[in-house]
Amino acid sequence: MHKNESVLLKKTKTWTTVNIVILIIGVVISTISVISLFGMKATGFALFQGLPGGEEAVAMLEEATSPIGMALAVVLIIIDIALVVWFFKCNGRMKKNIVPEKLPYYISLVLYVLSQVYSLISGSNVQVTSGGIIFTIILALVFVWIRIMPLIHLRRIITKAGEKIQETE
Amino acid sequence: MNKKAFQNKRNIIIVVIGLLVITLMTLALVQGKITAKRSKDLYEVYVVRTQEPVITDGISRPNQEKSYYYDPTNGVISAIHVKNGQNVKISDPLFAYHNETLVYQIEDAKTQQKRLYNQKKELQKQVDIDPTLKQSIAEIDAQIADLSTNIQRLREKANIVVYAPMEGKIILDSNKKTDPSAPFLHLISTTPMVVSTVSEYDYYALKTDQKVRVYINAEDREIEGTVTGIDELSTVSTVTAMGAGATGTGSAGGVNFTFYVAPEEAIHVDFSVQIKIPLEEIIIPEECILTEEEKEYVFVVKEGKAVKQEITREKKGLQMVLTSGLALGDEVLISPDSALIDGQEVRIKEGSGNAH
């Protein structure tokens, strides 16, 4: 039983590492995007002016760089950073054979689902081609799966969170 | 106890942050909807204007050209009074013929005339004796007069001078002045005419006395011109004869009609030109037009409001041409919303109206 839990904990640790990598990549991309958007806003999105459909692009970017849009982006980046830290802590605990708490995994999953629903409603990830829609759906499912996997393993561990799994032969 | 308090505090923070995220997302969505609603009232406009001119290729040709051949019946060419490339005015002498045979005939006529004078003198001496001789003297006088006329005519024929019938430039080939089969002298009018062709699709764009712009390729200058004539029938043979320079833009797969333009300034003969035929008809893009009960309407922007305006059009060639309802410079909404009502305030996209 305990041996099985150790295996599950190892698997959780691996998936947590995957989540950390994805979150770090997400944070880096989001930060660069926010800085670039600020830079483009300073020039009045001159890059898009006069291009076909440029006016729509500028309107969308202005919406994204509005105080509310920026606040949302910054809050999401901060939460992602906090999650990365939290996941590192979880990994540290798992290294010591201590069962981590499920909360950061739930937060990560809920936040991702929420952001996908928001994107869907706001129409910012709408793809014109059917191929694009399929790709977006597959990508979203993959990311949900990555976030669910540590939870699946963690839920199968009977030992309570914060307690150490006993090593047995 | 402390641990539980910490967990409670942490949970509260998480809930607060969660609520903050949800609130921000909701606000962003609301803001997005407002922006979308505002952009619905944003329109592009089409500024009413004449169409781009039809451009055809043409070539400048002499308005008139006169060729002179050697005519042996007039004698030999005794003198050429002009040089190659010389500009001449009307009535300037070009060249002269001298006919030696006619000179001999003049001499013979003069001798005969002298003989008649002597005969007349003799008869006048005897007229006092024989008054019937008066009749003979009158006959001799008539013969002398006939001879004088004849001599005068022969003199004119013996030395023919050919004069320039118009202003122009001389092209001379002295080597051919004894060859009756080829012209030795050309007189080309210095006021050329532009010859071009227009396709059947642009035929209705042309009118006699219409002002056009003539662009001279080699000189990079543009001058005014007037259409002086349009052929009623298509002239494939004329186009071929004119050479490569005078083919219309719409020649591919259609019939061409030759037309003639009198330029207001001189153009070097055989220079290629481009003729810009202005199109005065107004064409309104179909996406601007609404049809209600077989009547056509557009929304004209006046003082920031969309004013519904009835228009009439008629078919001309392949196009529907505006006949009434709009003036040049009017701003017409492109793709007006079906919910748009007369007098509704609208916003115009920045830079709109120039792209079309």
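## Sheets, interface and confidence in a predicted two-chain model

User: In what order do the strands of the open four-stranded sheet of chain B lie, and which strands are its edges?

Analyst: In this predicted model, chain B holds an open sheet of four strands with antiparallel pairing, in the order β4-β10-β9-β6. An edge strand pairs on one side only, and that condition is met by two strands of chain B, namely β4 (65–69) and β6 (87–88).

User: Within that sheet, how many bridges join β9(B) to β10(B), and which residue is the bridge partner of Ile171(B)?

Analyst: Strand β9 (residues 168–172) of chain B and strand β10 (residues 183–188) of chain B run antiparallel and are joined by four bridges. Looking into β10(B) for the residue that partners Ile171(B), one arrives at His186(B).

User: In which sense do β12(B) and β13(B) pair, and which residue of their hairpin takes a positive phi?

Analyst: Strand β12 (residues 211–216) of chain B pairs with strand β13 (residues 221–230) of chain B over six bridges, in the antiparallel sense, and within this pairing Val212(B) stands opposite Gly225(B) in β13(B). The hairpin has four residues between the strands, and the residue there with a positive phi, near 50°, is Asp220(B).

User: With which strand does β13(B) pair over five bridges, and which residue stands opposite Gly229(B)?

Analyst: Besides its pairing with β12(B), strand β13(B) also pairs in the antiparallel sense, over five bridges, with strand β14 (residues 256–263) of chain B. The residue of β14(B) that stands opposite Gly229(B) is Tyr260(B).

User: How much area do chain A and chain B bury between them, and what percentage of it is on carbon and sulfur atoms?

Analyst: The interface brings 20 residues of chain A into contact with 19 residues of chain B. Between them the two chains bury about 1,700 Å², and the part of this area on carbon and sulfur atoms is 74%.

User: Which side chains form the salt bridge between the chains, and which element gives the largest share of the side of chain A that touches chain B?

Analyst: The count between chain A and chain B is one salt bridge, in which the side chains of Glu101(A) and Arg10(B) meet at 2.7 Å, N to O. On the side of chain A that touches chain B, two or more residues come from each of α2 (54–64), α3 (67–95) and α4 (103–122) of chain A. The residues of that side divide into 13 nonpolar, three polar and four charged, and the largest share of it, eight residues, comes from α4(A).

User: Where in chain B is confidence lowest, and over which residues is the pLDDT below 50?

Analyst: Chain B has a mean pLDDT of 84, with 90% of its residues at 70 or more. Its confidence is highest in β12(B), at 93, and lowest in helix α4 (residues 236–242) of chain B, at a mean of 45. Beyond near neighbours in sequence, the stretch with pLDDT below 50 has 23 contacts in the model, and it covers residues 237–252 of chain B.

User: Which element of chain A has the lowest mean pLDDT, and what ipTM does the model score?

Analyst: In chain A the mean pLDDT is 84, and 86% of the residues reach 70 or more. Among its elements α3(A) has the highest mean, 92, whereas the lowest, 73, belongs to α2(A). The model as a whole scores a pTM of 0.45 and an ipTM of 0.72.

Conventions. Residues numbered from 1 in each chain as written. Chains lettered and ligands numbered in written order. Predicted model: local features only at pLDDT ≥ 70, side-chain atom pairs only at ≥ 80, totals over all residues. Heavy atoms only, no water. Pairing = 2+ DSSP bridges. Contact = heavy atoms within 4.5 Å. Buried area = accessible area lost by both parts, 1.4 Å probe. Salt bridge = Lys/Arg side-chain N within 4 Å of Asp/Glu carboxyl O. Nonpolar A, V, L, I, M, F, W, Y, C, P; charged D, E, K, R; others polar. pLDDT = per-residue confidence, 0-100.
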